[in-house]
Amino acid sequence: HADTNQSERRFSGKRACSHSKLLMKGVSLSGFGPIDEKIGMSHDWPVPKPEQGELLLRVQACALAPGDVRTLSGATSLMQAPKSWPFLPGGDVCGVVTEVPETEKKFKVGDCVVARFDRPRPRGGLAEYDAVKADQCEYKPPNITPIEGAALGSSGMAAILLSEAAVRPGSRILILGGSGGVGSHLIQLARLQGASFIAATSTATSLVRSLGVDRAINYTQENWWEIAEFRNHKFDVVFDLAGGVQSWLKARSAVALKPTGRYITLIGDQRWMVVRNWWQAAKFVVPHMWRVLWTKWCPWVPQYTMFAGTADNPEARLKLFDLVQQGKVKVVLDPQTPFPFTTEGVKAAYHLQASCHAHGKVVVQIEA
C-alpha cells in the first residue's frame, strides 16, 4: 500500500514503472446519495498509471469544488455521472511529481505542482496519488503551502479570467458571493485590474473588507438592490457567484446596473442545478441562451453572460501564479481548512462545500 509517511517512491529517470501491484488510500463514493451514507475510504485503489501527456503526483492536498458535491448528489448525472461505482472524486490538487513521460519538457520528478481538473466530473484527487494532465499544471509558488496551492487551481483561474474579461480601469463592480473560492480571488484581482469601487455580498464582511472591497453587504441584514447609493451610482459589472436568476432580475429592474454594463453569472438560475435528462438540460440552457441573445441586441439593457468556470488560459494561469508569488494575491482558505484525510474529515469537508457558506476554499490535507 502507498503510505504518505514513507519516503517518496523513486522511479528510474523519466521511465514509467509497473503500477499493477501498487495500491493506495483514497476516498470511495459508493453511489448517488447523502454525504454521510455514500462517502467511505478504501486502501485498495490502484495507483493510477499516467497516460501520454500526464504526470503522476504524490498528492499533498485536494480542494473541493461544487462539481464534487453535484457528482455525489446525482443532480447533474447527465453530465457528471461517474462511469462506474465505486468512484474516486476530487479534482484540484497540489502534489509532488513522482513520474513524468519521456516527452515531458517542463516538469521533472520532485517538482511541486498545482493541477486543476478540466473534466465535467472531478475525479482522482482525493487519494495518495493522482495522474494529472501536464498542460493543466503549474509550479506551486514557493511562498504558499500545498494546501493553498490546491485552493488556487480552478477558483483562482476562474477569477482571473472573469477579471480580465470584464473589469476595466475605473470600473464599479458588484460581486454577489464575495467570500467564496472564486469571489475571494476576484475581489483582489479586480482591484489590481483597476476597479475604482468594489461592493460584495457576504456574511463574512470583515473578510471581504480585508481583501479590498469598498462596501461589504451582509445579505442577511440588507438587500443590495435597495441601497440608494447603488441606484445613484450604478455598476459597470455585476458578477453573480451566488444569487441566481432572481439576482439578474433585481439587477435589471432596480437599475443598479448601467444599460451599458454587464451581468456575468457562474451559477445559472439556481445555486444547485438539476440536469438528469435532456429535457432538464434544455430547461437549463435555453433561458441562458435567450438572455444572452436578446441582451446582445437590445442596447437599453445590460449584457447577460454565462461564464464557463472550467475554461483555461495558460497565459492567465502564469500571470495568476506570478501575482501570488509576488504577494499581490492572497489565497483564502475557510477557517475550518484543512480537513483531515479520514472518512469523517472528508464528510465534514463535503458538508461545508454543500452548505454554500464556506468563507474561502475547502481543502483536504492528504499528506501530513
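**Exercise 1. Determine at what angle helix 4 and helix 10 pack, and which residues make the contact.**

Step 1. The axes of helix 4 and helix 10 are 9 Å apart and the packing angle is about 105 degrees. Axes are lines fitted to C-alpha atoms, for helices over the stretch in contact, with angles from 0 to 180 degrees between N-to-C directions. Helices (H or I, at least four residues) and strands (E, at least two) are DSSP runs numbered from the N terminus. The model is predicted: local features need pLDDT of at least 70, side-chain atom pairs count only at pLDDT 80 or more, and totals for chains, interfaces and linings use all residues. Residues are numbered from 1 along each chain as its sequence is written, and side-chain values use heavy atoms, with hydrogens and water left out.

Step 2. Helix 4 and helix 10 are therefore roughly perpendicular to each other. The classes are roughly parallel under 35 degrees, roughly antiparallel over 145, roughly perpendicular from 65 to 115, and oblique for the rest.

Step 3. Helix 4 contributes Leu 152, Gly 156, Met 157, Ile 160, Leu 161 and Glu 164 to the contact (heavy atoms within 4.5 Å). From helix 10 come Ala 316, Arg 317, Lys 319, Leu 320, Phe 321 and Val 324.

Step 4. By class, this contact has eight nonpolar, one polar and three charged residues. Ala, Val, Leu, Ile, Met, Phe, Trp, Tyr, Cys and Pro count as nonpolar, Asp, Glu, Lys and Arg as charged, and the others, Gly among them, as polar.

**Exercise 2. Describe the contact of helix 2 with helix 11, then the surroundings of Gln 353.**

Step 1. The axes of helix 2 (residues 66-73) and helix 11 (residues 343-355) come within 9 Å and cross at roughly 100 degrees. That makes helix 2 roughly perpendicular to helix 11.

Step 2. Pro 66, Asp 68, Val 69 and Leu 72 of helix 2 meet Tyr 350, Gln 353 and Ala 354 of helix 11. These residues divide into five nonpolar, one polar and one charged.

Step 3. Gln 353 has a relative accessible area of 15% and is buried. Buried means under 20% relative accessible area, exposed over 50%, and partly exposed in between (1.4 Å probe, protein chains only). Not counting residues up to four places away in sequence, Gln 353 touches Leu 64, Ala 65, Pro 66, Val 69, Trp 272 and Val 362.

**Exercise 3. Establish how far helix 5 is enclosed, and what packs against its buried residues.**

Step 1. Helix 5 (residues 181-192) has twelve residues and reaches 18 Å from its first C-alpha to its last, close to the 16 Å expected at 1.5 Å a residue. The expected span is 1.5 Å times one less than the number of residues.

Step 2. Ten of the twelve residues are buried, so helix 5 is largely enclosed by the rest of the structure. Among the buried residues are Gly 183, Leu 186 and Ile 187.

Step 3. The partners of the buried residues include helix 4 (146-166), strand 8 (172-176) and helix 10 (314-325).

Step 4. After helix 5 comes Gly 194, with a positive phi near 110 degrees.

**Exercise 4. Identify the residues that touch the most other members of the largest nonpolar core.**

Step 1. A nonpolar core is a set of buried Ala, Val, Leu, Ile, Met, Phe, Trp, Tyr and Cys residues joined through side-chain atoms within 4.5 Å.

Step 2. The largest has 46 residues, and Ile 173, Ile 175 and Phe 239 touch the most other members. Helix 4 gives the most to this core, with eleven residues.
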